[in-house]
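Hi there,

Here is the structure I promised to pass on to you. Have a look at it first, and then read on for what turned up.

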Amino acid sequence: VGTQSNGIINAGTDLVSLTTGTFNIYQNESNGINNASTGTVKLSGIDFNVGNATGGISSGYKSNGVANAGGVLSTSGGTFAINGKNANGILNETGGTVETKYTDFTINAVAGQDANAISTDGSLDVYGGTITIGAPQSNGIITSSSATAVNIEGTDFVLNANKTNGINNPA
């Protein structure tokens, strides 16, 4: 399995806009989309598979559907299936802004543990959608102390494994 790859890397201030399609992130420590600077990424009906059916540490380990390193990310519809251990559907780093609308996230049991639908150190708005957690010790949304604002409205959380959290806002 390869490592450290990106389907798309947006390293500047440009706009990347995608409508329908699928990203399969089967390599470890990789991203479907890496918004590596202050650019804007707009997604409509885009699906992400972070890790294949084997998952765990074999496929998608420490990978992200989208890594947002300080830019703006918006999703409308689409799905994120997280199968890799220590993987995220969306990784929103310090200074980043993320808005999801009616986007569904599923953390499958093959992830093993320690997976997140969304990990945020920035600003996050989640409207609608369903977050289903099927891997133990995993989170729907996990925040850090540097997260600036987290707003969730009309989102359903389904917890199907031990030691899971819909929202984990640690001290």
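How many helices and how many strands does the secondary structure of the protein chain come to? There are zero helices and 17 strands. Please keep in mind that this is a predicted model.

Let me start with the overall form. The C-alpha atoms fit a box of roughly 40 × 35 × 30 Å along the principal axes. The radius of gyration is 14 Å, which agrees with the value near 16 Å that a compact globule of 171 residues would have. Of those 171 residues, 45% count as buried. If you look at contacts between residues at least 6 apart in sequence, 81% of them join residues at least 24 apart.

Now to the inside. The largest nonpolar core has 28 residues, and L43, F48 and I118 touch the most other members. Strands that each supply at least two residues of this core include β2 (15–25), β4 (40–50), β7 (79–82) and β11 (116–120). Of these, β4 gives the most, with five residues. F48 is a nice place to zoom in: leaving aside residues up to four places away in sequence, F48 touches F23, I25, G32, I33, L43, G65, V66, T79, F80 and A81.

Finally, the outside and the charges. The chain exposes about 7,200 Å², and carbon and sulfur atoms supply 45% of that area. The chain carries 5 positive and 11 negative charges, and the mean positions of the two sets are 7 Å apart.

Enjoy exploring it!

Best wishes

Notes. Residues numbered from 1 in each chain as written. Predicted model: local features only at pLDDT ≥ 70, side-chain atom pairs only at ≥ 80, totals over all residues. Heavy atoms only, no water. Helix = DSSP H or I, 4+ residues; strand = E, 2+ residues; numbered from the N terminus. Rg over C-alpha atoms; globule rule 2.2 N^0.38 Å. Buried < 20%, exposed > 50% of the residue type's maximum accessible area, 1.4 Å probe, protein only. Contact = heavy atoms within 4.5 Å. Areas by Shrake-Rupley, 256 points an atom, 1.4 Å probe, with all protein chains shown as cover. Lys, Arg positive; Asp, Glu negative; His and termini not counted. Charge placed at Lys NZ, Arg CZ, Asp CG, Glu CD. Core = buried A, V, L, I, M, F, W, Y, C linked by side-chain atoms within 4.5 Å.
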